[in-house]
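Biologist: I would be grateful for a close look at a single part of this model, with the surrounding elements described as far as they help to place it. Please treat the matter as one connected account.

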Amino acid sequence: MRVTVLYFAAARERAGAASDALDLPDGATAADALAAACARHPALQAVATKLRLAVDQEFSAPERKLRDGGEVALIPPVSGGAGPHSIGPQPLSAEAPLREVVGTDCGAVVSFTGTVRSSNHGKAVVRLEYEAYPEMALRIFGHIAAVARERWGARVAIHHRTGALEPGELSVVIAAAAPHRADAFEACRHAIEALKKDAPIWKREIYPDGSSWVGLGS
């Protein structure tokens, strides 16, 4: 069977390609796809244990069986629009997510804005470069919002930017609305923490003397 393997961020750089079509035996697993990708691109082997696997846009265990025509994404550690959510290169508005969640049924609205810092761990940061797997990121955003709705009765909107950003620019804006303030705060905190953990969004820090993918150090 034939599957498509997608490479992102540091994995793409090590592979020297954005994707491959790989022929695998029937019954092959996501781990087999990773092994085949490493065999084709030996530089991937050095980071293979740090990569998460997504099969058909869902995080999956290495033993997940593949289908003919399926898709396997190699997801480096994350820094990670549909409905109220959006992701793309357009500059963000701090107010736009708020408009997506406000309503007379909610007495509390909380927002979080993330901006690019000019330094990190004592190093000057010239800019950040964000890269994403947009289709999967939007699916993760939707899952995060569903959890917020179930746990806290909150509405959540997540807007994230991609591309090159200079210090001071907005990289992410999240708004959460709930009947009570404690629930709105909890929902907003959950959204940013879950996004940082699971959304396939990566950032590279650019320094005067080099660069580094955050979370991978390569």
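My request concerns strand β14: which of its residues stands opposite E131?

Modeller: The residue opposite E131 is W202 in β14. The model is a predicted one, and every statement below should be read as a description of that prediction.

The pair E131 and W202 belongs to a longer run of pairing. Strand β10, which covers residues 127-132, pairs with β14 in the antiparallel sense over 6 bridges. Another residue pair in this run is E129 with R204, the latter being the bridge partner in β14.

β14 also pairs with strand β15, residues 210-213, through 4 bridges, and these two strands likewise run antiparallel. A hairpin of 2 residues connects β14 to β15. Y207 of β14 has G210 of β15 as its bridge partner.

These pairings place β14 within an open sheet of 4 strands, whose order is β12-β10-β14-β15 and whose pairing is antiparallel. The edges are formed by β12 (163-165) and β15, each of which pairs on one side only. From one strand to its neighbour, the average turn in this sheet is 25 degrees when direction is ignored.

The burial of β14 deserves separate attention. Residues count as buried when their relative accessible area is under 20%. In β14, residues 201-207, this applies to 7 of 7 residues, so the strand is largely enclosed by the rest of the structure. I201, K203, E205 and Y207 point one way from β14, while W202, R204 and I206 point the other way. Both groups are buried, and they include the charged residues K203, E205 and R204 as well as W202, the partner of E131.

Beyond β15, the chain continues into a segment that contains V214. At 26% relative accessibility, V214 lies above the 20% limit for burial and therefore counts as partly exposed. V214 returns us to β14: its C-alpha atom is 5.9 Å from that of R204, although the two residues are 10 places apart along the chain. With neighbours within four places in sequence set aside, the contacts of V214 are P77, K203 and E205. K203 and E205 are among the residues that point one way from β14.

Further along the chain from β10 is helix α4, residues 134-152. This helix has 19 residues and spans 26 Å from its first C-alpha to its last, close to the 27 Å expected at 1.5 Å a residue. Its buried residues are M136, A137, L138, I140, F141, I144, A145, V147, A148 and W152. An α-helix has 3.6 residues a turn, so residues three or four places apart point the same way. G153 follows α4 and has a positive phi, near 60 degrees.

Strand β11, residues 155-161, contains H159. With a relative accessibility of 9%, H159 counts as buried. A polar atom of the H159 side chain lies 2.9 Å from the backbone oxygen of P84. Apart from residues up to four places away in sequence, H159 touches P84, H85, S86, L92, A96, P97, E100, S171, V172 and V173.

For contrast, the model also holds an open sheet of 5 strands, ordered β2-β1-β5-β3-β4, with mixed pairing. Its edge strands are β2 (19-23) and β4 (58-60), each pairing on one side only. The twist of this sheet averages 30 degrees from one strand to the next. Helix α2, residues 30-40, packs on this sheet and touches β1 (2-7), β2, β3 and β5 (71-75). The direction of α2 makes about 110 degrees with that of β2.

Within the 5-stranded sheet, β3 (residues 52-55) and β4 pair in the antiparallel sense over 3 bridges, and L53 stands opposite S60 in β4. The loop between β3 and β4 includes D56 and Q57. Most residues other than glycine have a negative phi. D56, however, has a positive phi near 50 degrees, and Q57 has a positive phi of about 70 degrees. D56 is partly exposed at a relative accessible area of 24%, as is Q57 at 21%.

To return to the request, W202 stands opposite E131, and W202 is a buried residue of β14.

Definitions and conventions:
Residues are numbered from 1 along each chain as its sequence is written. This is a predicted model: local features need pLDDT of at least 70, side-chain atom pairs count only at pLDDT 80 or more; totals for chains, interfaces and linings use all residues. Side-chain values use heavy atoms; hydrogens and water are left out. Two strands pair if DSSP finds at least two bridges between them. Axes are lines fitted to C-alpha atoms, for helices over the stretch in contact, and angles run from 0 to 180 degrees between N-to-C directions. Contact means heavy atoms within 4.5 Å. Buried means under 20% relative accessible area, exposed over 50%, partly exposed in between (1.4 Å probe, protein chains only). The expected span of a helix is 1.5 Å times one less than its number of residues. A polar contact is a pair of N or O atoms within 3.5 Å; within protein, one must be able to donate a hydrogen and the other to accept it, and residues adjacent in sequence count only if both atoms are side-chain atoms.
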